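Hi,

Here is the structure I promised to pass on to you. Have a look at it first, and then read my notes alongside it.

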Amino acid sequence: MKPVETTYKQLLDRVAEDGSPSGPNLVAFSGGVDSSLVAHAVHAVYPGSSTAVMALSPSVSDDMRRQAEQIAAHIGIPLRFVETEEFRDATYVANEGMSCYICKTHIYEALRAVSREAADDGAVLFSGNNADDSADPTRVGLRAAREHAVCSPLDGFSKDTVRALSRHAGLPNWEHAASPCLRSRLASGIEATPAHLARIEQAEARIRDQYALPPSANFRVRMLAEDHAMIELDEELLPRVDLDRCATLLRDLDFREVQSRPFRSGSVSIQIQLPAS
């Protein structure tokens, strides 16, 4: 047996151990590489009792929703949408390091609500957290996962292994760049309001279309202080970006200045020391 086949079997065994034969087995789903692999594995092990659940709010772009629909259809897993209201929480809006924790708390509470609607509060919740996430001190959302007893079958696998497993499983997005929520584009202290998130969504859509950026490209438009936009892109692709052209594209979105730099994951995140849970 090839190494990837062995690892894939380990993943399915982990899901079988954590999941429930009678269900429901609910996957916190975004359509990204990690949650897609978990949805695939949960559906492969529990095809009759698995559901992917995607939380919708101003932090989720239309592109993210469309991709989630396509990936869920490819997997064959039922997809349900739920509305979350983390943007009504003052701590989330303040965006001073705890927004991811608040957001994930709302998402997992929404999944529990789905379970209660089915008159079964014993659902097993799954997420796509991987080993690289666990090693990142800025990922405060991981505490919310622990508090809600969420199973993370990828927590022993690196991102590279996740991609290899996704390719082995035939998932069409196995090489797509990471696609976190729009709030992650805001520098600390820039309020996570629906208006700010909409500006980021429009800015990214325009620049991605202008330069025909592939899904595998690491690309963000960060919103910095004083309405400055920072375009982050893989370093080898940066020479394609004309800042004057980008400034013109984004002019009606009220960005005062547009700059660019090489992409770095979490470049506007801050590290928060959480009290022991």
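Below is what I found, going from the sheet and its helices to the cores, the hairpin and a few loop residues.

Please keep in mind that this is a predicted model.

**The open sheet**

Let me begin with the four-stranded sheet, which is open and has the strand order E3-E2-E1-E4, with parallel pairing. Strand E3 (79-83) and E4 are at its edges, and each has a single partner strand, so one side of each has no neighbour in the sheet. On average, neighbouring strands here are turned by 30° against each other, direction ignored. If you want to look at one pairing, take E2 and E3: they are joined in the parallel sense over five bridges. Val53 has Arg80 of E3 as its bridge partner.

Two helices that pack on this sheet are easy to pick out. H2 touches E1, E2 and E4, and its direction makes about 170° with that of E1. H3 touches E2 and E3, with its direction at about 155° to that of E3.

**Helix H2**

How far apart should the ends of H2 be? With 13 residues (33-45) at 1.5 Å a residue, the helix should span 18 Å, and the end C-alpha atoms are 19 Å apart, which agrees.

H2 is also mostly covered, as eleven of its 13 residues are buried. Among them are Val33, Leu37, Val38 and Val42, but also Asp34, His40 and His43. What covers these buried residues includes helix H1 (3-18), strand E1 (25-28), strand E2 (50-56), helix H3 (62-75), strand E4 (124-126) and helix H8 (159-168).

**Two nonpolar cores**

In soluble globular proteins, nonpolar side chains tend to be buried together. In this model, the largest nonpolar core has 51 residues, and those with the most contacts inside it are Ile207, Val221, Ile231, Leu233, Leu250 and Phe255. Helix H5 (residues 99-117) gives the most to this core, with eight residues. A second core, separate from that one, has 31 residues, including Leu12, Val27, Ala39 and Leu171.

Ile231 is a good residue to click on. Leaving out residues up to four places away in sequence, Ile231 touches, among others, Ile207, Phe219, Val221, Val241, Leu243, Cys246 and Val258. Polar residues such as Arg220, Gln259, Ser260 and Arg261 are also on its contact list.

**The E5-E6 hairpin**

E5 and strand E6 (residues 228-233) run antiparallel and are joined by six bridges. Three residues lie between the strands of this hairpin, and Glu226 takes a positive phi near 60° there.

Is E5 covered or uncovered? It is mostly covered, with six of its six residues buried. Phe219, Val221 and Met223 are on one side, Arg220, Arg222 and Leu224 are on the other, and both faces are covered.

Arg222, which is found in strand E5 (residues 219-224), may catch your eye. Its relative accessible area is 2%, so Arg222 counts as buried. A polar atom of the Arg222 side chain lies 3.2 Å from the backbone oxygen of Ser184. Across the hairpin, the bridge partner of Arg222 in E6 is Met230.

**Loops worth a look**

- Pro24 lies in the loop between H1 and E1. The peptide bond from Gly23 to Pro24 is cis, with omega near -5°.
- Gly128 is in the loop between E4 and helix H6 (131-134). With 12% relative accessibility, Gly128 counts as buried. Neighbours within four places in sequence aside, Gly128 is in contact with Asp34, Ser35, Val38, Asp133 and Leu154; of these, Asp34, Ser35 and Val38 are among the buried residues of H2.
- Ala149 sits in the loop between helix H7 (141-147) and H8. Its phi is near 55°, which is positive although Ala149 is not a glycine, and Ala149 is exposed at 53% relative accessible area.
- Asp254 is in the loop between helix H10 (243-250) and strand E7 (257-262). Asp254, too, is not a glycine and has a positive phi, of about 65°, and Asp254 is exposed, with a relative accessible area of 54%.

For a sense of scale, the C-alpha atoms of Gly128 and Pro239 are 34 Å apart in space, and the two residues are 111 apart in sequence.

Happy browsing, and best wishes

Definitions and conventions. Residues are numbered from 1 along each chain as its sequence is written. This is a predicted model: local features need pLDDT of at least 70, side-chain atom pairs count only at pLDDT 80 or more; totals for chains, interfaces and linings use all residues. Side-chain values use heavy atoms; hydrogens and water are left out. A nonpolar core is a set of buried Ala, Val, Leu, Ile, Met, Phe, Trp, Tyr and Cys residues joined through side-chain atoms within 4.5 Å. Buried means under 20% relative accessible area, exposed over 50%, partly exposed in between (1.4 Å probe, protein chains only). Contact means heavy atoms within 4.5 Å. The expected span of a helix is 1.5 Å times one less than its number of residues. Two strands pair if DSSP finds at least two bridges between them. Axes are lines fitted to C-alpha atoms, for helices over the stretch in contact, and angles run from 0 to 180 degrees between N-to-C directions. A polar contact is a pair of N or O atoms within 3.5 Å; within protein, one must be able to donate a hydrogen and the other to accept it, and residues adjacent in sequence count only if both atoms are side-chain atoms.
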